[in-house]
Amino acid sequence: MASVPGFVPYDLRIDVREVDSAGHRRMALRRFEDSSGVSWRLLLDPHRLETSVGRADHWKGLQTSSGFEGTVWGRLTKAQRQGGWRTGGISQAVNPSQGIVLSVDLCPSRKPFDRRLLRRLFEVFPAGQAIPVSFAVSGEWLRRHGADLAWLQALERSGRIKSTWINHSDHHHFRKGMPARRNFLNLPGTNVEAEILGAESEMLRHGCLPSAFFRFPGLVDDSLLSARVLRTGLLPVGSDAWLAKSQAPRLGSIVLVHGNGNEPAGVREFLKLLEKERPSIRQGHWRLIDLPQGL
């Protein structure tokens with residue numbers, strides 16, 4: 001998507017409405033203005049879990065939200081509220097098929113993107129079809145890594161990858177030596193909503209379409225944090241296979257590796273996994289699953 005310069009959010013809460021335009025139903029997750037004062041909406045298809053950005057004056061007939069409980073978004077949100085998941089949110093694809101979801105965390109880092117990840121994918125998977133990859137991106141990473149982002153976006157435009165941009169908070173605060181349960185978003189003084197909207201703003205400024213998903217920094221969450229994320233309309237996505245922690249993936253796993261250069265052990269494990277599955281990939285029996293479709 002094209003960047004939206006001068007993003008200025010003016011509604012910090014989820015704006016849950018039914019948007020009816022030519023028979024298409026969408027939820028308006030967020031309202032914002034650009035530097036010219038034009039009003040926009042971040043829209044979500046609650047059945048397909050796909051987002052889009054549209055000018056507010058193109059969407060008429062706003063109605064009060066009703067009936068979203070039966071959508072995919074509604075069912076997943078209800079399950080999360082009832083504590084149906086651990087490990088930071090959804091950790092497996094609901095429709096696992098034969099393969100895994102690849103999620104690449106881009107926490108703040110001074111190191112360049114580890115391009116081995118995608119280059120090996122291009123070597124192993126047949127050409128001609130976009131490879132689905134989810135990027136859990138922080139606002140700080142976007143601000144620091146323009147060249148790497150441009151490389152990823154060029155691959156996206158050329159159809160070599162299909163990106164899902166997961167909100168990974170703006171600053172991804174971390175204090176060395178602090179226990180995990182009191183760290184990350186639980187650090188004193190952290191404004192969770194500002195962290196979410198800050199990362200969302202940076203994605204829009206840099207031409208990345210924000211998805212319907214959020215990843216907790218460090219995969220550290222609790223019932224209070226989860227409730228605050230859900231109130232923004234986003235669905236927490238975790239992992240049951242953080243490769244650098246020796247968690248073995250299985251069919252349907254949401255695999256976590258860090259592409260920001262800070263955790264090379266996880267990248268090495270993923271490259272080993274690709275080599276192990278290479279025959280099955282060539283035969284079409286093992287693949288990467290697109291996150292929204294997998295849910």
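Let me start with a term: a polar contact here is a pair of N or O atoms within 3.5 Å, where, within protein, one must be able to donate a hydrogen and the other to accept it, and residues adjacent in sequence count only if both atoms are side-chain atoms. Keep that in mind, everyone, as we go.

What you see above is a predicted model, in which local features need pLDDT of at least 70, side-chain atom pairs count only at pLDDT 80 or more, and totals for chains, interfaces and linings use all residues. Residues are numbered from 1 along each chain as its sequence is written, and side-chain values use heavy atoms, with hydrogens and water left out.

First, the overall picture. The protein chain has eight helices and 14 strands; these are DSSP runs numbered from the N terminus, H or I over at least four residues for helices and E over at least two for strands. Of its 295 residues, 53% count as buried. Buried means under 20% relative accessible area, exposed means over 50%, and partly exposed is in between, with a 1.4 Å probe and protein chains only. As for contacts (heavy atoms within 4.5 Å), take those in the chain with a separation of 6 or more: residues 24 or more positions apart account for 69% of them.

Now to Ser 239, in the loop between β11 and β12 (241-242). What does its side chain reach? A polar atom there lies 3.0 Å from the backbone nitrogen of Ala 241, and one lies 2.6 Å from the backbone oxygen of Ile 254. Ser 239 has 2% relative accessibility, so it counts as buried. Its C-alpha atom is 7.1 Å from that of Ser 253, 14 residues away along the chain.

Next, some loop residues that I enjoyed looking at. Ser 138 sits between β8 (131-137) and α3 (139-144), and it is buried at 0% relative accessible area. Beyond its neighbours within four places in sequence, Ser 138 is in contact with Leu 106, Cys 107, Pro 108, His 168, Ser 169, Asp 170 and His 172. Take Ser 169 from that list: its phi is positive, about 80 degrees, although it is not a glycine. His 172 has a positive phi too, near 50 degrees. Ser 169 belongs to the loop between β9 (161-167) and α5, as does His 172. Ser 169 is buried at 0% relative accessibility, and His 172 is buried at 12%.

On to helix α6, residues 223-230. Which of its residues are buried? Leu 225, Ser 226, Val 229 and Leu 230 are. Seen down the axis, they fall within an arc of 135 degrees, so they line one face of the helix; the arc is that of the directions from the helix axis to the C-beta atoms. They pack against α1 (72-81), α5 (192-205), β10 (210-214) and β11 (235-236). The face turned away from the buried side carries Ser 223 and Leu 224, both exposed. At the N-terminal end, Asp 222 acts as a cap, with a side-chain oxygen 3.1 Å from the backbone nitrogen of Leu 224.

Last, a helix pair. Helix α2 (residues 116-124) packs with helix α7 (residues 264-282) at about 5 degrees, with the axes 10 Å apart. Axes are lines fitted to C-alpha atoms, for helices over the stretch in contact, and angles run from 0 to 180 degrees between N-to-C directions. So α2 is roughly parallel to α7, a label for angles under 35 degrees. Among the residues that meet are Leu 117 and Leu 121 in α2, and Phe 270 and Leu 274 in α7. Thanks, all!

Methods
Parallel < 35°, antiparallel > 145°, perpendicular 65-115°, else oblique.
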